[in-house]
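Trainee: I would like to go through the labels attached to this model and see what each one rests on.

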Amino acid sequence: MKGKRKRRASLRLQNLSIGSHVTLCIWSLIVLFPLWTMVTGSFKDKLSIYTNTFGLPETWNWQNYTTTLTERGSNFPTYFLNSFVVVIASLLLVMLFGSLAAYALARWRSRIPTVLYFVFIGGMMLPIKIASVRLIVLMKDLGLLNTIWSLIPVYVAMGLPIAIFVLTEFVRQTPVEMLEAANVDGASPFLTFWRIVVPLLRPALATVAIYNLIPFWNDLWFPLIFISNDKSKTLMLGVTRLFGEFKTDWSRVLAVLTLSAVPVMILYFIFSKQFIKGLTAGGVKG
């Protein structure tokens, strides 16, 4: 009887494993199909992208990339640099302010940090776009309108709620004995934070960075309402130049979108190990 039960249990596990693998394969195909269409379409000419939409190009056309990068009057390298500067600066500030706030909220023994914590969490429920009009007025008063620097404060405000939500829980899991030992050795609170807490927060910081990376990089709304100066436009806003009233050069659009996906993929692979650790932390306790 015991042998039969074990066999049945093993068969159930095998069936579950096969089912999960089939589901993951189907989901992978669904995710990869748009990427396949984007990359292959970027190497086609204007005609073949309509006649052979999903297949491999008959002749690999690199002109879409060379035109985008080297054409006289093309500002796409500038757009790319603007997006890169804005996103990296915003991510660094989100991780810095988020980790500092999380450390204070997790170690401050009072009811006040609990209230502040829920205030920050409330920011996850309210879309910042509802304050667009007031943000335009604020950026104009600060003299930041029509510059890429107007985007950084908005992105930091967008990323802080989720950063504080994730990082506060990680700081609370930090062994108190380590912090007390550092205090006994004469370390200041900031030195304790920098030398002990920050290294332990690397998986959580990677999670925060990847979670905010794509919304920052792909954002079109705030560059659209803040920036009209061509030299200050971001990459996603610059792509709109390729959409005409009567026709659109889809091959070139797909080439620009393919190039824009490269930095996101590179940053994801850099942070992927820490990201997975951050997602699975606490899931193997007990």
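Mentor: What follows covers ring pairs, one helix and the salt bridges of a predicted model.

Trainee: Why is the pair of Phe-76 and Tyr-79 called edge-to-face?

Mentor: The ring centres of Phe-76 and Tyr-79 are 5.4 Å apart, with 80° between the planes. A pair needs centres within 6.5 Å, and planes over 60 degrees apart count as edge-to-face, so both conditions are met.

Trainee: How are Phe-76 and Tyr-79 placed in helix α4?

Mentor: They are three residues apart in α4, residues 76-107, and are separated by about one helical turn. An α-helix has 3.6 residues a turn, so residues three or four places apart point the same way.

Trainee: What makes Phe-76 count as buried?

Mentor: Its relative accessibility is 6%, and the cut-off is under 20%. Tyr-79, at 0%, is buried by the same cut-off.

Trainee: What describes the pair of Phe-80 and Trp-217?

Mentor: The centres lie 5.9 Å apart and the planes are at 80°, so this pair is edge-to-face. Phe-80 is in helix α4 and Trp-217 in helix α10, 137 residues apart, and the pair links distant parts of the chain.

Trainee: Are Phe-80 and Trp-217 buried or exposed?

Mentor: Phe-80 has a relative accessible area of 32%, which lies between 20% and 50%, so Phe-80 is partly exposed. Trp-217 is at 5%, under 20%, and therefore buried.

Trainee: How do you know that α10 is mostly covered?

Mentor: Twelve of its 17 residues are buried, including Leu-205, Ile-210 and Phe-216. The helix also bends by about 30° at Asn-212, and Pro-215 follows within four residues.

Trainee: Why is the contact of Glu-169 and Arg-172 called a salt bridge?

Mentor: The N to O value is 3.0 Å, and the limit is within 4 Å, so the contact qualifies. Glu-169 and Arg-172 are three residues apart in helix α7. At 33% and 41% relative accessibility, Glu-169 and Arg-172 are partly exposed.

Trainee: Where does the charged end of Arg-172 sit?

Mentor: It sits over the ring of Tyr-117, 5.2 Å from the ring centre.

Trainee: What makes Asp-230 and Lys-233 a salt bridge?

Mentor: Their side chains meet at 3.7 Å, N to O, which is within the 4 Å limit. Asp-230, at 24%, is partly exposed, whereas Lys-233, at 16%, is buried.

How values were computed. Residues numbered from 1 in each chain as written. Predicted model: local features only at pLDDT ≥ 70, side-chain atom pairs only at ≥ 80, totals over all residues. Heavy atoms only, no water. Phe/Tyr/Trp six-rings, centres within 6.5 Å; stacked < 30°, edge-to-face > 60°. Helix = DSSP H or I, 4+ residues; strand = E, 2+ residues; numbered from the N terminus. Buried < 20%, exposed > 50% of the residue type's maximum accessible area, 1.4 Å probe, protein only. Lys NZ or Arg CZ within 6 Å of the ring centre and 35° of its normal. Bend = angle between axes of the 7 residues up to and from the residue.
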